[in-house]
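Hi,

Here is the structure I promised to pass on. Have a look, and my notes are underneath.

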Amino acid sequence: MKNFKKLSVLFLLVLSFSAVQAQKRHLDNYRDPDQRGINVFEAPKDTVSTFDGVRVRIGGSSTLQFQAIDHENGVDQALIDDGTVLPLKEIGSNFNLATANLDLDVALAKGVRMHLRTYLSSRHHPEPYVKGGYFQIDNLDFISEGTLGELMKYTTIKVGHMENNYGDAHFRRTDNAQAMFNPFVGNLIMDSFTTEVGAEVYYQRNGFIGMVGFSNGKLNQSVEAGSNGKTGGASFLAKLGYDSQLSDDLRVRLTGSLYNTGYVPSNYLYTADRAGSRYYFVMENEEAAAKSPFRSGRYDPGFRNSITAIMFNPFVKFGGLEFFGTAEFVSGRASSEVDDRKTTQFAGELIYRFGSTENFYVGGRYNTVKGELADGTEPDINRTQLSAGWFMTKNILAKVEYVNQKYDGYDNTSILYDGQFNGVVVEAVISF
């Protein structure tokens with residue numbers, strides 16, 4: 001109750017401030033957090049600056065879901081009776097925790113912007129905590145007017161403890177309460193998302209996109225040395241692609257991305273989402289608590305200390321019809337393993353948007369993951385999602401999703417053996 005009161009007061013202050021600043025909310029080189037940000041990937045590169053002094057944009061998001069999902073598995077009752085496998089947790093139909101984000105975006109100088117996101121409430125942490133933030137530099141006039149002016153017309157530099165730009169799927173995923181860009185309720189089964197300290201350099205020109213970046217490969221920052229005497233490692237990121245509006249009706253984008261580490265103390269590429277899964281308690285045992293485990297329905301390949309991940313993402317939009325695809329190929333291992341293991345993920349989304357402002361949509365996604373775990377298990381997981389949404393305003397979205405996920409390849413002593421969950425989730429999203 002105490003946290004709820006704090007959040008209520010904070011949101012009232014945010015709304016009040018936002019009303020006062022309503023005419024000054026546009027920032028350069030910025031992805032809008034509402035319907036206008038749909039199908040925007042990297043922040044747009046503006047050619048004309050509107051900077052006229054320090055400007056603070058306070059924004060936020062809030063979501064609430066009603067979940068009606070059932071789950072089951074094929075574990076023999078005798079294994080449950082003798083304690084070998086814990087039974088599935090009893091779940092029913094009701095509302096999930098309301099989640100909220102607070103965003104601060106500040107224009108500090110011509111072509112220089114800061115972003116900071118705080119999770120006010122999330123599945124894993126009911127109390128507020130910082131997700132991450134960065135500085136984005138699109139102009140070097142703050143050093144001296146005209147510094148590398150021709151180069152900076154096409155170049156962007158980002159530095160911070162921030163969300164890595166690996167692949168394009170993370171631009172469409174739900175980030176705690178920011179669910180405006182996701183046409184579905186759940187993210188991918190193998191959800192690539194992490195925040196690490198690093199820097200990324202972009203070059204965007206005539207539709208071509210290039211990016212290289214480095215990070216320290218750590219989600220939780222520390223100078224403490226591990227048992228091998230190292231305080232950390234490094235991650236290398238790269239992206240190459242093409243994005244063009246070929247005609248009034250046709251837009252085509254294709255990118256390839258790389259995330260590669262040498263040694264890192266603990267890699268979090270598929271486990272760093274502290275906000276948690278949208279499918280509460282699915283396929284969890286009866287001892288599962290509210291905060292942990294919080295990644296219900298997702299898959300973690302367990303590549304803890306070394307990983308090479310490659311993702312290809314085609315995107316085509318013709319009129320109101322759009323396709324977004326993911327093909328991901330990952331290999332890696334934990335330090336205790338000798339040989340690398342492999343995991344592949346494929347996903348395809350087909351969305352049709354209609355209405356005077358494309359304020360309605362229907363869509364479907366098929367997502368499959370096949371992998372090798374350290375214990376020799378070779379899971380094969382597939383998920384079907386059907387969704388429909390209505391943008392009541394550019395800041396308010398209501399959507400409903402049917403989800404069906406099945407598990408194969410697990411040992412009969414696993415709670416996921418012949419597992420399945422299916423049902424409906426209704427979600428309301430506000431973002432400004």
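Below is what turned up on pockets and cores. Keep in mind that this is a predicted model.

Pockets first. The largest one holds about 620 Å³ of space. Its lining takes in 33 residues, and the ones nearest the centre are Asn29, Lys45, Asp46, Thr47 and Lys153. If you want to find it by secondary structure, α3 (149-152), β7 (195-205), β8 (208-215) and β10 (250-261) are the elements that give two or more residues to that lining. By residue class, the lining splits into 12 charged, 11 polar and 10 nonpolar.

The second largest pocket comes in at about 370 Å³. Here 20 residues form the lining, with Glu284, Arg295, Ser296, Gly297 and Arg298 closest to the centre. The split for this one is 11 nonpolar, 5 polar and 4 charged.

Now the cores. The largest nonpolar core has 41 residues, and Tyr166, Tyr270 and Phe421 have the most contacts inside it. At least two residues each come from α2 (77-81), β11 (306-318), β12 (321-333), β16 (396-408) and β17 (420-431). Of these, β11 gives the most, with 4 residues.

What does Tyr270 touch, leaving aside its neighbours within four places in sequence? Among its contacts are Tyr166, Met190, Tyr299, Pro301, Ile307, Ala309 and Val330, and the list also includes Asp191, Asp300 and Glu328.

There is also a second, separate core of 10 residues, including Phe181, Phe184, Tyr361 and Phe391.

Cheers

Methods. Residues numbered from 1 in each chain as written. Predicted model: local features only at pLDDT ≥ 70, side-chain atom pairs only at ≥ 80, totals over all residues. Heavy atoms only, no water. 1 Å grid on protein atoms, 1.4 Å probe; cavity = no way out; pocket = protein on both sides within 12 Å on 5 of 7 lines; lining within 4 Å. Points joined across faces, edges and corners; volume = space filled by probe spheres on them. Nonpolar A, V, L, I, M, F, W, Y, C, P; charged D, E, K, R; others polar. Core = buried A, V, L, I, M, F, W, Y, C linked by side-chain atoms within 4.5 Å. Buried < 20%, exposed > 50% of the residue type's maximum accessible area, 1.4 Å probe, protein only. Contact = heavy atoms within 4.5 Å.
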